[in-house]
Amino acid sequence: MAEATSRGIGPVILLGSPGAGKGTQAKLIVERYRIPQISTGDLLRENVQRGTPLGLLAKDVMARGELVPDDLMYDMVAQRLRQVDCERGFILDGFPRNPAQAGWLDAFLEHEFFGNAQRDRCLPIVIRIDVDYNKLLRRITGRRSCPVCGRIYNVYSQPPHVADRCDVDGSTLVTREDDREEVIRERLAAYEQQTKPVAEYYARKGRLVSVDGDLPVNEVTEQIFRVIEGQHAGATGNN
Ligand code: AMP
């Protein structure tokens, strides 16, 4: 396994609805393969904060929850992927968001990224974490947190000893505003609508791999590592 962590693994694209455990798994991939996680949402927020020309253009669009125009995204993503820490691979989080961005990424990798002899020619591995819709709804709507110490509970899978009270300090537990069922249903529908065409783009190219996100976290991680290491073995040629 040590070999798997020292060589390049190429781009990894993680798809998964809110609550599917994408954040947790991304962190574990970063630790194991020592590649950066590139979140386009974070990069944009940084630009907004620094007041860059891109930030000024993106600010209102983001506040409305709409997508930033593709052309602006391409410059920003290209600049980031040219940095030296991406040479062995990277995880993309939040990009591509539509098939046009997926096509741009393929072209960028082909014409620029793989042009550098230092880099293995690995096509993106696209991993979708699938979770049963109703289980997901319970997972998110069951979440409660302590407003004082921040500890997280779940009324279904990890309840506190006394209902609605924090085990540590006895505070009344709260539900995050965006974890409420109405909001969640909307977020899940929006995710589905946005991501489906991207998943279909990669499925058509035979590059979409689904993992079962209903399994315990460590088993999901194992599946993901297996996909990454298995795909790499077969992805350095001309495919
Ligand atoms: P996120 O943190 O991924 O939810 O992104 C926050 C916001 O940044 C989104 O609502 C969009 O306005 C913008 N954004 C992030 N990634 C992209 C992308 N790939 N294409 C267009 N807009 C994006």
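Two strands count as paired if DSSP finds at least two bridges between them, and the strands themselves (E, at least two residues), like the helices (H or I, at least four residues), are DSSP runs numbered from the N terminus. This is a predicted model, in which local features need pLDDT of at least 70 and side-chain atom pairs count only at pLDDT 80 or more, whereas totals for chains, interfaces and linings use all residues. Residues are numbered from 1 along each chain as its sequence is written, and side-chain values use heavy atoms, with hydrogens and water left out.

**The whole chain**

Begin with the protein chain in a cartoon view, where 9 helices and 7 strands can be found. Buried residues, meaning those under 20% relative accessible area (exposed is over 50%, partly exposed in between, with a 1.4 Å probe and protein chains only), make up 42% of the 239 residues in the chain. The chain exposes about 12900 Å², of which carbon and sulfur atoms supply 50%; such accessible areas come from the Shrake-Rupley method with a 1.4 Å probe, and for residues only the protein chains shown count as cover.

**The sheet**

Next, select the strands of the open sheet, in which 5 strands follow the order S2-S3-S1-S4-S7 with parallel pairing. S2 and strand S7 (208-212) stand at the edges with a single partner strand each, so one side of each has no neighbour in the sheet. On average, neighbouring strands of this sheet are turned by 25° against each other, direction ignored; for such angles, axes are lines fitted to C-alpha atoms, for helices over the stretch in contact, and the angles run from 0 to 180 degrees between N-to-C directions.

Now add helix H2 (residues 22-33), which packs on the sheet and touches S1, S2, S3 and strand S4 (125-130), while its direction makes about 160° with that of S1. Contact here means heavy atoms within 4.5 Å. Helix H3 (residues 40-50) can be added as well, since this helix lies across S2 and S3 and runs at about 60° to S2.

**Strand S3 and Leu-92**

Select strand S3 (residues 89-93), where 4 of the 5 residues are buried, so the strand is largely enclosed by the rest of the structure. To strand S1 (residues 10-16) it is joined by 4 bridges, the two running parallel, and strand S2 (residues 37-39) is joined to S3 by 3 bridges, again in parallel. Gln-37 stands opposite Ile-91 in S3, and Ile-13 stands opposite Leu-92.

Is Leu-92 buried or exposed? Its relative accessible area is 0%, so Leu-92 is buried. Show Ile-13 beside Leu-92 and you will see two residues that are 79 residues apart in sequence and 5.1 Å apart in space, C-alpha to C-alpha. Leaving aside its neighbours within four places in sequence, Leu-92 is in contact with Val-12, Ile-13, Leu-14, Ile-38 and Leu-105.

**The ligand**

Then select the ligand and show the residues around it, where a residue is near a molecule if one of its heavy atoms lies within 4 Å of it. Which of the 13 residues around the ligand come nearest? They are Thr-40, Arg-45, Glu-66, Gly-94 and Gln-101. Helix H3 gives the most to the shell around the ligand, with 4 residues.

Look next at the pairs of N or O atoms within 3.5 Å, which are called polar contacts (within protein, one atom must be able to donate a hydrogen and the other to accept it, and residues adjacent in sequence count only if both atoms are side-chain atoms). A polar backbone atom of Glu-66 is 2.5 Å from an oxygen atom of the ligand. A nitrogen atom of the ligand lies 2.9 Å from a backbone N or O atom of Gly-94, and a polar side-chain atom of Gln-101 lies 2.9 Å from a nitrogen atom of the ligand. Of the 480 Å² of accessible area that the ligand has on its own, the protein covers 81%.

**Thr-40 and Glu-229**

Keep Thr-40 selected, which lies in helix H3 and counts as buried at 2% relative accessibility. A polar atom of the Thr-40 side chain lies 3.1 Å from the backbone oxygen of Gly-94. Beyond its neighbours within four places in sequence, Thr-40 is in contact with residues including Met-73, Met-76 and Asp-93.

As a last stop, go to Glu-229 in helix H9 (residues 217-235), which counts as buried at 13% relative accessibility. A polar contact of 3.1 Å joins the side chains of Glu-229 and Arg-32.
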